[in-house]
Amino acid sequence: METETNNKKNILEKLGSVSETAVSRLATIAVTIALIFQAVMAMLAMLIKTTDFSLAWHMLFTQSYILPVICIISFIIYILVFSRAKIENASLKLMIRKNPLIIVFSLLVIMMFISQAYNGLGYAFGEYFIMQLGETFDMELSYFIFVLFCGTQVKLEKHKTFLLRVHLLVSMLLVVAGFVLWKNVFDFELVHIRPDGFVSIFGNTNYYGYYLAISIPLAGSEFIYEKQKSWKIVAIIAFAANTVALSLNDTMGSWIGAAFAVIFIAVVHYIIEKKINWKAIILIPVFIICLVIPGLFTGMFEKNVTSLASDVGKIVSGDENAGNAGSKRWAEWNASLEYINENKLFGVGFEGAAYRDDVMIYNFRPHNEFIEYTLFYGIPVGILYFAGCLGVFIRALKKKEIMDGATLACLTAAFGYLVSSFFGVTVFSIAMYFFMFLGMGYVREKNDKTL
């Protein structure tokens with residue numbers, strides 16, 4: 001018995017003795033796998049020019065291999081982190097005091113599970129999902145339990161910088177894939193989208209738009225904070241290339257998300273540095289030029305601006321056709337809010353509008369992620385999701401003196417996604433990347449080993 005106890009103690013000590021650098025490196029490997037996967041998909045998509053491949057196989061590999069691998073690595077990191085806490089006798093109270101968002105996201109996960117249990121666990125864990133969106137209930141849980149946590153464990157600036165550089169290169173490859181596949185892919189049976197959409201590997205203009213809302217502010221921030229001149233050049237090229245792709249992508253919600261994120265960069269740098277950062281200011285005209293000029297040639301820019309002005313006018317004036325505003329998003333939002341009001345505490349369940357006969361919402365999801373989480377799981381979850389995301393940014397503001405450039409770049413990427421998500425839905429090909437960058441944007445004090 002004593003020998004067995006000693007063996008367990010030795011194992012715990014070995015696990016707990018793994019260094020912070022090793023843990024950060026392990027988390028970096030997980031994120032790298034996710035980023036490189038997109039590059040592999042881009043190269044394959046350019047060889048196998050079918051929309052079905054870009055969507056169906058992208059979804060299959062994400063669900064069956066990429067996300068599970070990230071979850072496994074994250075689970076290992078959990079063991080290492082808590083083993084260290086155990087042998088160092090770190091108190092739970094101290095962990096929570098230093099990282100109060102643990103409570104917010106833990107409650108969110110618990111409430112999601114309770115809400116779904118109330119609405120029916122059977123179909124949710126039976127891999128029920130809508131084709132194209134490609135998400136299951138357990139995937140949504142894993143974003144918060146594993147992916148977000150994994151991002152927070154990329155603690156070293158050099159590791160974050162490496163990942164940001166990888167993302168810059170991958171994002172440019174996806175732009176190349178977008179041009180190769182643009183108007184050259186007409187063979188599709190599973191996915192009925194505009195055959196001339198600028199979608200790269202994502203099978204849908206909206207999904208590529210969500211990705212670009214992350215990539216553009218990330219590249220802009222890298223241009224400012226990269227220490228090596230060669231990578232600054234790569235960053236500004238990536239910034240311009242992704243903005244051109246955004247213009248051709250023709251997704252207004254992502255235009256708004258990226259635009260606000262570019263302004264966010266300039267504002268944040270003014271707050272932190274207490275002076276105007278001219279590199280941040282330069283990003284604004286570069287963004288405008290790269291967004292407007294391609295859009296003028298294709299006619300998309302004028303069409304989108306006119307459509308936006310018309311939609312806002314209809315909503316403000318109470319026009320009877322206001323429900324069609326934003327590609328029927330206004331009607332979706334209003335219908336969703338009515339169902340939320342009827343199901344305040346537990347929502348209608350994961351994909352409730354598609355699964356339940358008594359919930360009728362156009363396109364099943366309301367194309368607003370904050371409303372989506374609230375509709376699926378109830379008002380408490382909606383509030384916790386908003387509070388958790390906001391809390392990461394408030395923490396960064398409070399600890400701005402110790403925040404490094406790579407962490408700030410991750411935050412701007414997350415900000416771009418969050419703004420665009422006001423007009424979008426969670427989807428298998430993008431959501432986990434948002435949680436990775438949100439996690440890497442979590443500001444940590446040096447030598448903080450509490451979690």
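**E369, two cysteines and a helix**

Trainee: Which residues is E369 in contact with, leaving aside its neighbours within four places in sequence?

Mentor: Y385, Y417, S421, G424, V425 and T426. Contact means heavy atoms within 4.5 Å. This is a predicted model, where local features need pLDDT of at least 70, side-chain atom pairs count only at pLDDT 80 or more, and totals for chains, interfaces and linings use all residues. Residues are numbered from 1 along each chain as its sequence is written, and side-chain values use heavy atoms, with hydrogens and water left out.

Trainee: Which helix does E369 lie in?

Mentor: E369 lies in α16, residues 369-377. Helices are DSSP runs of H or I with at least four residues, numbered from the N terminus.

Trainee: Is E369 buried or exposed?

Mentor: Buried, meaning under 20% relative accessible area, with exposed being over 50% and partly exposed in between (1.4 Å probe, protein chains only).

Trainee: Which side chain of opposite charge is nearest to E369?

Mentor: R365, 7.4 Å away, and E369 has no salt bridge. A salt bridge needs a side-chain nitrogen of Lys or Arg within 4 Å of a carboxyl oxygen of Asp or Glu. Lys and Arg count as positive, Asp and Glu as negative; His and the chain ends are not counted.

Trainee: New topic. How many disulfides are there?

Mentor: Zero. A disulfide is a pair of cysteine sulfur atoms within 2.5 Å.

Trainee: Why is there no bond for C71?

Mentor: Because its closest cysteine sulfur, in C150, is 9.0 Å away, which is too far. C71 is buried at 15% relative accessible area, and C150 is buried at 1%.

Trainee: What follows α10?

Mentor: D250, with a positive phi near 65°.

Methods. Helices (H or I, at least four residues) and strands (E, at least two) are DSSP runs, numbered from the N terminus.
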